[in-house]
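I opened this one with no background at all. These are my notes, in the order I looked things up.

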Amino acid sequence: MAQVIKIKKGLDINLKGKASDVLLTGGKSDSYAIVPDCYDGIKPKVAVKAGDKVKAGSVLMYDKSHPEIKFVSPVSGEVTAVNRGEKRKVLSVVVKPDAEMAYEEFGKKEVSSLSRQEIKEAILNAGLWPFIKQRPYDIVASPADTPRDIFISTFYSAPLAANFNFIIKGQEPDFMTGLNALVKLTEGKVYMGIKNGLSIKLGSVETVGVEGPHPAGNVGVLINHTKPVNKGEVVWTVRPDDVILIGRLFNKGIADFSRLVAITGSETTERGYIKTIAGCTIKSLVGGKLLSSGEGRVRIISGNVLTGRKVEEDDYLGAYDNQVTAIPEGSDVHEFLGWAMPGLDKFSASRTFLSWLIGKKKEYTIDARTKGGKRAMIMSNDYDRVFPMDILPEYLLKAIISFDIDKMENLGIYEVAPEDFALCEFVDASKIEIQKIVRNGLDLLYREMN
Amino acid sequence: MKALRNYLDKIKPNFEEGGKLSMFRSVFEGIETFLFVPGSTSKSGVHIHDSVDSKRVMTIVVISLIPALLFGMYNTGYQHNLAIDAHPGFWMTFIYGFLAVLPKIIVSYAVGLGIEFTVAQIKKEEIQEGFLVSGMLIPMIVPIDTPLWMIAVATAFAVIFAKEVFGGTGYNVFNVALVTRAFLFFAYPADMSGDQVFVRTDSVFGLGGGTVVDGFSGATPLGQIAIAGKELIGSFHNVDVLGHTIGTWDLFVGLIPGSIAETSVIAILLGAAILLFTGVASWKTMMSVFVGGIFMAGVFNLIGSTVVMTVTPLDHLFLGGFAFGAVFMATDPVTSARTETGKYIYGLLIGALAIIIRALNPGYPEGMMLAILLMNVFAPLIDYYVVESNISRRLKRAVK
């Protein structure tokens with residue numbers, strides 16, 4: 001391993017409810033859906049209508065501004081609904097699965113014999129392109145670009161995150177093929193972050209050891225510590241779970257969206273991994289596995305507690321998510337004089353509660369309350385302590401809020417994604433919605449620049 | 001607690017928009033969030049939040065002020081007893097001081113919070129807790145004989161013109177408590193300096209009456225240094241209110257005349273320990289202020305042409321409001337430099353400026369208040385250059 005990155009700034013939130021490395025039963029979903037809101041930078045145009053028969057890999061919708069980016073059905077069956085919200089905004093395209101799965105045939109291909117263009121087309125046609133994201137802007141990559149480098153982080157460091165070593169078991173050949181395909185898409189290198197201590201030998205891929213507390217495993221940290229993004233440069237990022245899907249496409253010739261999803265969180269009764277297909281219902285994953293079923297008592301999150309999306313059982317698994325987390329909602333908790341109590345059981349990155357006495361081994365159950373009112377930025381060092389990049393988070397945020405484009409560029413807006421600010425939002429005593437500010441800033445800037 | 005919660009839920013509609021008591025919405029909300037942690041859950045972004053909020057942070061600061069406050073109360077009684085040659089015992093001494101200080105705390109909170117509630121009501125915002133700290137600081141940094149009405153006027157001025165007009169907690173340029181102190185000093189100079197205001201010689205609520213002994217002088221050690229002539233270089237020493245010599249140790253313990261809570265370095269260091277341990281205050285700012293003060297005092301020692309220039313660096317740190325300012329005022333996160341590098345520069349300059357003002361200005365013996373207020377102005381400039389250096393470093397990276 002050529003390089004090791006040691007991260008000091010950050011915070012591991014030791015939550016109760018880690019998934020053990022076992023397979024659970026479940027995952028049989030009675031409907032599957034594509035949810036456009038999962039994909040940033042996409043204007044959906046639906047290509048099917050209710051009643052259409054589709055195979056796994058048939059196009060359901062595409063991007064208006066890049067029609068070559070296709071979104072395909074993860075299963076074969078019948079389109080049952082195209083749900084729309086206000087101003088006819090597409091909310092979801094729902095497919096009811098057949099008993100027997102039928103796949104669109106894309107043809108097995110040997111990656112080494114394909115050109116860059118052929119690989120791009122193969123990934124685009126099979127509907128796997130949306131899994132490739134780009135920085136700047138943290139949106140679905142534009143197929144017209146050739147990225148400077150491609151970054152993958154196999155170190156999931158977020159609270160209760162899935163264990164990639166378990167996910168990849170038995171999938172190694174597909175993963176390798178996926179990596180080889182990505183290597184062909186860039187002029188530069190494919191960098192892969194690996195939790196330090198593991199050694200994986202991969203010919204053409206540059207592996208980088210990473211150690212330290214979350215967000216050490218965020219791909220943004222990997223980029224910032226290897227080859228940061230400068231103005232005018234484009235890099236791509238892919239999640240390792242999706243590298244497997246890309247590899248599978250070339251090895252088997254079909255768009256097979258099956259993946260492992262970790263069931264985690266203090267409010268689940270069984271914790272482990274479920275083999276399912278992208279776009280399944282949340283119910284198929286956590287149905288019958290939740291602790292208290294009282295209405296509104298449990299918050300289900302597609303993804304992790306820092307960056308995930310709040311969902312109900314009838315909603316669908318997020319496109320990029322390999323984890324579902326259930327935590328207490330907490331809206332019925334009324335703590336008396338909470339600001340004055342010693343707080344032995346309260347998790348805090350600061351030492352303002354006596355819980356620091358207990359040490360880091362204790363597992364906490366944290367509910368979804370914000371635990372304070374929204375204020376102006378008061379404390380000045382909190383963000384820096386959990387932001388391991390050569391960027392001044394507070395000043396970048398202020399530049400975004402005032403939408404000062406020069407300042408944003410100079411302070412590093414092109415390098416960051418909302419997820420990089422998740423811990424800042426967690427520790428913030430002023431309870432500012434930081435990820436939302438960053439996402440809006442990136443979207444506004446993208447519109448301004450294009 | 002359940003009954004209280006239910007009662008609050010029952011009367012809540014009255015205070016909401018359109019309710020018959022909606023003009024007291026900010027008061028109700030303030031009390032409700034004071035009693036119970038808000039049950040509202042996250043709508044976007046992270047689903048879990050750190051338990052810390054600004055109420056907790058402010059609470060920690062107030063707790064860290066308590067040792068200095070209690071000591072200040074005791075010292076008020078102690079100095080009073082020296083002045084009238086009374087020996088009422090520890091508790092009576094403390095109670096005298098307590099009764100003398102308490103009205104100031106009440107006035108400061110009543111005026112400040114009154115304005116905060118009103119503004120929150122007008123702006124339809126949540127009540128913010130910044131004044132919990134300012135309101136405690138104000139009575140701690142004034143001389144004991146400051147009239148209550150002056151505290152009321154100064155507090156109102158500071159809260160309105162140093163804070164609310166800038167947008168409230170988190171937006172103010174100047175430290176609110178120090179603006180109060182500066183307002184008092186410049187608006188009522190005769191009542192805020194000199195030998196008469198730092199030791200209370202009258203009785204409080206009928207307690208502790210007596211006649212002042214012969215030879216009493218209420219001059220603070222800093223005041224004594226400021227008026228000492230050049231002929232005393234080398235032979236000058238501080239004295240207590242009865243004329244006995246006092247040394248560095250006495251300055252450290254703090255049973256000397258001065259503003260109410262600034263005298264005891266021991267009590268202040270206790271507070272500093274709480275602030276630093278909880279991470280609420282920045283050790284970088286705090287340490288730099290002391291380093292800057294030691295450096296500048298050392299420089300003046302080399303010149304040594306007046307009595308104040310010959311004061312040792314250690315004595316300078318223990319004298320007057322230096323330690324109190326370094327620990328509780330300079331570290332105010334809102335008005336101090338916000339970048340990590342900036343905090344070193346900010347602190348060093350405060351320490352150095354405070355000693356320069358002490359040594360070189362003829363009128364006012366203490367320099368800490370003006371040093372911090374002046375650096376409050378420069379803090380954004382310091383940050384600006386730190387941010388610029390980050391930008392240019394990042395640009396160089398791109399060129400490479």
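I began with burial in chain B: of its 400 residues, 52% are buried. For my count, buried means 20 or more other C-beta atoms within 10 Å of the residue's own, exposed means 12 or fewer, and partly exposed is in between, with C-beta atoms placed from the backbone.

Note to self: this is a predicted model, so local features need pLDDT of at least 70 and side-chain atom pairs count only at pLDDT 80 or more, while totals for chains, interfaces and linings use all residues. Residues are numbered from 1 along each chain as its sequence is written, and chains are lettered from A and ligands numbered from 1 in the order in which they are written.

Still on chain B, I looked up its secondary structure and got 16 helices and zero strands. Helices (H or I, at least four residues) and strands (E, at least two) are DSSP runs, numbered from the N terminus. The C-alpha trace of chain B spans about 75 × 70 × 35 Å along its principal axes. Chain B has a radius of gyration of 23 Å, which agrees with the value near 21 Å for a compact globule of 400 residues. That radius is taken over C-alpha atoms, and the globule rule is 2.2 Å times the number of residues to the power 0.38.

Next came chain A. I found ten helices and 20 strands there. Its radius of gyration is 22 Å, close to the 22 Å from the globule rule for 450 residues, so chain A is as compact as a globular protein of that length. In chain A, 54% of the 450 residues count as buried.

I then picked out one sheet in chain A. It is open, has three strands in the order E4-E6-E7, and pairs antiparallel. Strands E4 (44–46) and E7 (70–72) of chain A are the edges, each pairing on one side only. To count as a pair, two strands need at least two DSSP bridges between them; E6 (59–63) and E7 of chain A have three. Within E7(A), A:Phe71 is the residue opposite A:Met61.

Last lookup: where do the chains touch? The contact takes 64 residues from chain A and 48 residues from chain B, with two residues in contact if their C-beta atoms, placed from the backbone, lie within 7 Å. On the chain A side, the elements giving two or more residues include strand E18 (298–302) and helix H10 (434–449). Helix H9(A) gives the most, with four residues.
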